[in-house]
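Biologist: Could you take me on a close look at the part around the ligand, and then at any residues with unusual backbone angles? I would love one connected walk through it.

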Amino acid sequence: MPKHSSILELTNTLSVIDGIYYPQGDIPSDASSFLEGGGCKQRIRSLSPRSAGYYDWKMYELWIKELLDSLPANAVVVDAGCGDGRASHWILHNYPNLHVVAIDTNYEDLHRLLSDLQPTMRDRLTPICISVSELDMLGRIADALLCLEVLNVMDVPAGGYSGIASCLKIGGVAVVSTIAAESYVVHALLNHDFEQVQRLLHEGVYVDSVRGQNTHEFVVQFLTRSQRNDMRSMFGLELLRADSVSGVAALLIHSMNDAEADLEKAAVILDVDSWRHLNIPRVDVEWLSCSDSSI
Ligand SMILES: C[S@@+](CC[C@H](N)C(=O)[O-])C[C@H]1O[C@@H](n2cnc3c(N)ncnc32)[C@H](O)[C@@H]1O
């Protein structure tokens, strides 16, 4: 299948090393901890029932299908902040007529995505090493866009929304997910980390640490209610709908240590998850459409 002509035009303006396209530019500071940490490896981690992402993915699949099912052949889907390509990989396998532009600032994860694909599928993937805030560089190529769990790790999440708005075609739809504030609080409470709870409440950040070393600050609730209602004038984006992934199973199973975690307990927790009174969101999802080219 021939590549989308605008993608060919785009990639002609970039350098390519080992199958990954690069512009000239510095890596933004918000992405450097993922590079130092060897990538997010979310696709690989999500295969494990001990990972929170394993439980989110069932919902993500439904929403991605809803987003993509009506797209025409050769349509372009941008996976913004793709990591090792949990979504890109799935789309390439399930939608043989779509082209995926996968972008991330972490070239190691882009390599991981590319090298785990069968060679015939690589023709339908364009991996580009840029920031979500630089998506205007692509022009309006996206018939649909996914940005899953990325904005909340950016220093300036609003820059992510501007980037998304700049590369969506007019009428194109984006599904943007971010870690829900409730999820951070429950996670900290389950870890008995009361310092973290205080920081969340008073400073609006969650500090991730690995073996006592702080690795990343996650921005919690970065748009105020009025900004959320005003996405049109700020970014030219229309909020079509908001969803959330229930976090009960993911959060509770994730909090069990290896000795405690077994599939029987996980099954009980999954039953609890369907008990609607315990509705703790793990991931908030926004459906946005690009409404205006003049912004
Ligand atoms: C939690 S992972 C999510 C990966 C993927 N979207 C998924 O759901 O599996 C966050 C990703 O955002 C990337 N990232 C962080 N800041 C970025 C930026 N400014 N532009 C592009 N990607 C960025 C990281 O490298 C990492 O791969």
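Modeller: Happy to! Of the 23 residues around the ligand, those that come nearest are F34, Q42, G83, R86 and L148. Two elements give two or more residues each to this shell, namely helix 2 (29-36) and helix 3 (42-45). Helix 2 gives the most, with 3 residues. Sorted by class, the shell around the ligand holds 10 nonpolar residues, along with 7 polar and 6 charged ones. Please keep in mind as you look that this is a predicted model.

Now to the backbone angles. Let us start with E149, which sits in the loop between strand 6 (142-148) and helix 8 (157-167). Its phi is near 60 degrees, a positive value in a residue other than glycine. Is E149 buried or exposed? E149 has 20 other C-beta atoms within 10 Å, and 20 or more is the cut-off for buried, so E149 counts as buried.

The other residue to look at is N74, in the loop between helix 4 (52-68) and strand 3 (76-80). N74 is not a glycine either, yet it has a positive phi of about 75 degrees. Around N74 there are 15 other C-beta atoms within 10 Å, a count that falls between the cut-offs of 12 or fewer for exposed and 20 or more for buried, so N74 is partly exposed. To put the pair together, both have a positive phi, with E149 buried and N74 partly exposed.

How values were computed: Residues are numbered from 1 along each chain as its sequence is written. This is a predicted model: local features need pLDDT of at least 70, side-chain atom pairs count only at pLDDT 80 or more; totals for chains, interfaces and linings use all residues. A residue is near a molecule or strand if its C-beta atom, placed from the backbone, lies within 6 Å of it. Helices (H or I, at least four residues) and strands (E, at least two) are DSSP runs, numbered from the N terminus. Ala, Val, Leu, Ile, Met, Phe, Trp, Tyr, Cys and Pro count as nonpolar, Asp, Glu, Lys and Arg as charged, and the others, Gly among them, as polar.
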